[in-house]
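Here is a quick walk through a protein model, written for someone who would rather poke at coordinates than read a long preamble. Have the viewer open and follow along.

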Amino acid sequence: MVDFAITARQQELRDIARDFAVNYIIPAADKADRNPDPANSFDWSIIREASKRGLRSLSIPKEYGGEGADVLTLAMVGEQLAYGDLGIAVAFDQTWKIMTALAHLANEDQRKRWIPRILDDPDFLLAVGATEPLFGSDNLLPYDAPGSGMQMTAERKGDKWILNGTKRYISNGGLAKLYYILARNDPKGSLVSSLSSFLIPAGTPGFTVTEVWDKLGQRAVQNGTLVFENVEVPDRERVGEIGSALPALGTLLLGFGSNIQAGATVLGVAQRAYDVSLQYAFERKQGGVPIVEHQIQRVRLARMAMKLQAVRSYLWFAGWDCRQKNFDPKHASLSKIFASEESVEVCKQALELWGATGYMRKNPVEKLLRDALSFLHSDGTNDVLSLKAANYIVKERPSPEHPTYSKRVAEAAQGR
Ligand SMILES: Cc1cc2nc3c(=O)[nH]c(=O)nc-3n(C[C@H](O)[C@H](O)[C@H](O)COP(=O)(O)OP(=O)(O)OC[C@H]3O[C@@H](n4cnc5c(N)ncnc54)[C@H](O)[C@@H]3O)c2cc1C
């Protein structure tokens, strides 16, 4: 039975996050959005205030002193934080995802060493590095061809690994204190069997952040280029078995809800676009009446509300489903595609309703559209996520024994 009714604790966390978004994030993020220097726009006071409220460490398991929030709860809270600002929500969401990975993929020694440090340090953010200058989607949709996909190398030398390579566009790059980095232990093998992952603290000799990208949206968070030159990593910081990181990352994206959480954050942006548009429609007058009195604007608002609720319902379903025993893996990527595309559409409709005023930078709508656009590509391009979902769909071919199998459809397909 499908059941994702909101618990009292989920409602409480949503309220805390919404209050925080309105009172702390919105004013700070507007300033960050206008800062021309992306390397100096991040506001650490937001992270510290959020840490006081337990928001940063939500996904740390209860046995390690965290909230133990599941994907559905993280999606609910992520939406509320992104209502304040998408970039800030991403800073938290990336941290939650890597905490989840640590909790599920790291060994007991790694969990005992890292989780208390993450929990106790109010500034502790995390990041994951997969994308490289020459390999983006190839890391998400592997064709199992030898040598394809990311090329950063990890060479074993006794009880150490030597890492060389470059990662780019990494969210929290330059902000995180710990990085979950993927590298090839065998550059000639296929991605599925030759990728290993490592925990690398900021400040490790040979590891530098060489560029903070100047972005169209999500300007309140940093996306960095990470360069690794002969970086020595002790074997005790290798996560999981040698060569098994891709299947583990696959589990992170599907079972741990990476796409679902991403979709929920972009929904928060669209919800804000709707809310500011509803207010504007009552207060802006044209033709002698508030524009909400014009039928076309009312219908526009109604259709925006419909999209928001449809996206939220799908994300909550996917968040619930991914925790079931026989979950359907296509919903993780499909719900992110749906959330990002419909959220962009809601923001575009908001811009239409605001007219030229929405296009002006001192008003909220143009930023919301710029922010929402990022998730057409981030966390996997929608093209590539569609292809992934399609790979599951082709495995669902109806068999002639199935009760819904139609002889007439089979005859029609044969031209009869
Ligand atoms: C805001 C933001 C935050 C990000 N954060 C992180 C992060 O924290 N960590 C990280 O590792 N990465 C991060 N990324 C990188 C992101 O995951 C990649 O950008 C994404 O995977 C696409 O890679 P690419 O940009 O190199 O595009 P490419 O892979 O070069 O794709 C170019 C075009 O080709 C299409 N394409 C690619 N392969 C196929 C195919 N097989 N069939 C058909 N079409 C195809 C794509 O859909 C796209 O339209 C972030 C990106 C953004 C924008």
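What follows goes from the main pocket to the aromatic contacts, then on to backbone oddities, cysteines and a few distances. One thing up front: this is a predicted model.

**The pocket**

How big is the largest pocket? Its volume comes out at about 1,100 Å³. The lining of this pocket is made up of 42 residues, and the ones that lie nearest its centre are T131, Y169, H377, S378 and D379. If you want to centre a view there, those five names are the ones to select.

Which elements each supply at least two residues of that lining? They are the helices α4, α7 (245-253), α8 (258-283) and α12 (365-373), along with the strand β3 (160-171). Helix α4 gives the largest share, with five residues. As for the chemistry of the wall, the lining residues of the largest pocket split into 19 nonpolar, 15 polar and eight charged.

**Back to D379: a backbone detail**

D379 turned up above as one of the residues nearest the centre of the largest pocket, and its backbone deserves a look too. D379 sits in the loop between α12 and α13 (382-393). Its phi is near 65°, which is a positive value in a residue that is not a glycine.

Q218 does something along those lines as well: its phi is positive, about 50°, and Q218 is not a glycine either. You will find Q218 in the loop between β6 (207-212) and β7 (223-234). Is Q218 buried or exposed? With a relative accessible area of 4%, Q218 is buried, because anything under 20% goes in that class.

**Aromatic contacts**

How many aromatic pairs does the model have? The count comes to eleven. One of them joins F92 and W96 in a tilted arrangement, with 6.5 Å centre to centre and 40° between the planes. Why tilted? The label applies because 40° falls in the range left over once planes under 30 degrees apart are called stacked and those over 60 are called edge-to-face.

F92 and W96 both belong to helix α4 (residues 86-105), where they are four residues apart, about one turn of the helix. Are these two rings' residues buried or exposed? F92 is buried, at 0% relative accessible area, and W96 also counts as buried, at 0% relative accessibility.

Elsewhere, Y179, F207 and F228 make up one aromatic cluster. There is also a charge over a ring to look at: R18 lies over the face of Y83, at 3.7 Å from the ring centre.

**Cysteines**

How many disulfides are there? A search of the whole structure finds zero. Two cysteines to look up are C322, which counts as buried at 6% relative accessibility, and C347, which is buried with a relative accessible area of 0%.

**Some distances along and across the chain**

Next come a few residue pairs with their separation along the chain and the distance between their C-alpha atoms.

| Pair | Separation along the chain | C-alpha distance |
|---|---|---|
| E155 and N35 | 120 residues | 40 Å |
| R168 and L134 | 34 residues | 9.7 Å |
| A332 and V128 | 204 residues | 19 Å |
| W161 and R238 | 77 residues | 8.7 Å |

Where do the residues that open these rows sit? E155 is in strand β2 (residues 153-157), and at 47% relative accessibility E155 counts as partly exposed.

R168 and W161 take us to strand β3: R168 lies in that strand, and W161 lies in it too. Their surroundings are another matter. R168 counts as partly exposed, at 21% relative accessibility, whereas W161 is buried, with a relative accessible area of 3%. R168 misses the buried class because that class needs a value under 20%. Strand β3 also came up earlier, since it is among the elements that each supply at least two residues of the lining of the largest pocket.

That leaves A332, which is found in helix α10 (residues 330-354). A332 is buried, with a relative accessible area of 5%.

How values were computed:
Residues are numbered from 1 along each chain as its sequence is written. This is a predicted model: local features need pLDDT of at least 70, side-chain atom pairs count only at pLDDT 80 or more; totals for chains, interfaces and linings use all residues. Side-chain values use heavy atoms; hydrogens and water are left out. Rings of Phe, Tyr and Trp (its six-membered ring) pair if their centres lie within 6.5 Å; planes under 30 degrees apart count as stacked, over 60 as edge-to-face and the rest as tilted. Buried means under 20% relative accessible area, exposed over 50%, partly exposed in between (1.4 Å probe, protein chains only). A charge sits over a ring if NZ of Lys or CZ of Arg is within 6 Å of the ring centre and within 35 degrees of the ring normal. On a 1 Å grid over the protein atoms alone, a cavity is a set of points where a 1.4 Å probe fits but cannot get out, and a pocket is an open set with protein on both sides within 12 Å along at least five of seven lines; lining residues have an atom within 4 Å of a point. Grid points are joined across faces, edges and corners, and a volume is the space filled by probe spheres set on the points. Ala, Val, Leu, Ile, Met, Phe, Trp, Tyr, Cys and Pro count as nonpolar, Asp, Glu, Lys and Arg as charged, and the others, Gly among them, as polar. A disulfide is a pair of cysteine sulfur atoms within 2.5 Å.
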